[in-house]
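Student: I am new to this structure. Please take me through one part of it closely, and then show me how that part fits with the rest.

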Amino acid sequence: IILLVLNGTLACAQTDRAHWVGTWAAAPLEKAVVPGQTSPANATYRNIVHISLGGDAVRVQFTNEFGKSDLVVASAHLALSAGKGAIQPSTDHTLTFGGKAQVTIPSGAAIFSDPAPLRASAFSDLAISFYLPEQSIQQETCHPLSSATNFVAPGDDAAANEPLAARSSYFRHPDCAPNTGSCQIVTHTDRVIIAVFADDARQVD
């Protein structure tokens, strides 16, 4: 995992101008869906991501960079994590894409959600839940060797407050974490640029 924080501009005077800043990211790689593998479709995935910078709004990038066909995300939610795969219900937000709950991501592309008005503290854990409806998926876009615990359950359970029924990394493979590419957050401060590159060795539970 590459954790990247890019905050602010190199300005001489302080301003109160809001701007988007990267607060979490994963390096996407390709993984073929092999014959006999359980289909990645008709399932809900919950990613727990540990952000660096806090702010007043969040937008999430979903990626299909290595997919061989369009990828449909039928619904997606963002909330503060309550631990153990659960969310804090009062913080739950339905993610939209151009004002719509469902989005189709073309092969080779990535897309950002609309901003969600979620106030998140620095170094907090966010829960990103999304449902992939029935569809043909021949190749996944994922991040191998994930050391954070993510969650998967059959059917559409993206709005669930409680933990999902089963625990796994993305697409039922212990070495692959989901299509969530990155998160950006709104900040009102101007600071020098900070970049951190590291393996995320935490076990988020």
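Tutor: Here is a close look at one strand, followed by its surroundings.

Start with the whole. This is a predicted model. The chain has 205 residues, and 51% of them count as buried. Its secondary structure comes to zero helices and 16 strands. Take the contacts between residues at least 6 apart in sequence: 84% of them join residues at least 24 apart. Keep that in mind as we go.

Our part is strand β4. Residues 58–64 make up this strand. Six of its seven residues are buried, so β4 is mostly covered, given that buried means under 20% relative accessible area. Thr63 belongs to β4. Its relative accessible area is 2%, so Thr63 counts as buried. The side chain of Thr63 still has a polar partner: it makes a polar contact with the side chain of Glu65, at 2.6 Å.

Now look at a partner of the strand. β4 is joined to strand β10 by four bridges. β10 covers residues 109–112, and the two strands run antiparallel. To find the pairing on screen, look for Asn64 of β4: it stands opposite Ala109 in β10.

Next, go to the nonpolar interior. In soluble globular proteins, nonpolar side chains tend to be buried together. Here the largest nonpolar core has 33 residues. Four of them touch the most other members: Val60, Phe62, Leu78 and Leu126. Several strands each supply at least two residues of this core, including β4, β1 (19–25), β3 (43–50), β6 (75–83) and β16 (180–187). β11 (125–132) is also one of these strands, and β11 gives the most, with four residues. Apart from this core lies another, of eight residues. Ile48, Ile87, Ala127 and Leu164 are among its members.

Leu78 shows how widely one side of the core reaches along the chain. Leaving out residues up to four places away in sequence, Leu78 touches Val58 and Val60. Its other contacts on that count include Thr91, His93, Leu95, Leu118, Leu126 and Ile128.

Back to Phe62, this time for its ring. The structure holds three aromatic pairs. One of them is Tyr45 with Phe130, which is tilted: the centres are 5.7 Å apart, with 35° between the planes. Tyr45 lies in strand β3 and Phe130 in strand β11, so this pair links parts of the chain 85 residues apart. Tyr45 is buried, at 1% relative accessibility. Phe130 is buried too, at 0%. Phe130 also pairs with Phe62. Their ring centres are 5.3 Å apart and their planes stand at 80°, so this pair is edge-to-face. Phe62 is in β4 and Phe130 in β11, so the pair ties together parts 68 residues apart in sequence. Tyr45, Phe62, Phe97 and Phe130 form one aromatic cluster.

Now step back along the chain to the loop between β3 and β4. Ile51 sits in that loop. Ile51 counts as buried, because its relative accessibility is 1%. Beyond four places in sequence, Ile51 touches Thr23, Trp24, Ala120, Ser121, Phe123, Ser124, Leu126 and Ile185. One of these contacts, Leu126, is also among the core residues that touch the most other members. Ile51 and Ala25 are 26 residues apart in sequence, yet their C-alpha atoms are 8.9 Å apart in space.

For contrast, visit another loop. Asn161 lies between β13 (151–154) and β14 (166–167). Asn161 is partly exposed, with a relative accessible area of 34%. Beyond four places in sequence, it touches Arg46, Ala86, Ile87 and Pro89. Its C-alpha atom and that of Gly85 are separated by 8.9 Å, although these two residues are 76 apart along the chain.

Last, a word on confidence. The mean pLDDT of the chain is 77, and 71% of its residues reach 70 or more. Among the elements, strand β8 (residues 93–94) has the highest mean, 97, and strand β15 (residues 176–177) the lowest, 41. Over residues 1–15 the pLDDT is below 50, though this stretch has 56 contacts in the model beyond near neighbours in sequence. Residues 168–178 also stay under 50, with 50 contacts beyond four places in sequence. Where pLDDT is low, the predicted coordinates should not be read in detail.

Technical notes
Residues numbered from 1 in each chain as written. Heavy atoms only, no water. Buried < 20%, exposed > 50% of the residue type's maximum accessible area, 1.4 Å probe, protein only. Polar contact = N/O pair within 3.5 Å; in protein donor to acceptor, adjacent residues only side chain to side chain. Pairing = 2+ DSSP bridges. Core = buried A, V, L, I, M, F, W, Y, C linked by side-chain atoms within 4.5 Å. Contact = heavy atoms within 4.5 Å. pLDDT = per-residue confidence, 0-100. Phe/Tyr/Trp six-rings, centres within 6.5 Å; stacked < 30°, edge-to-face > 60°.
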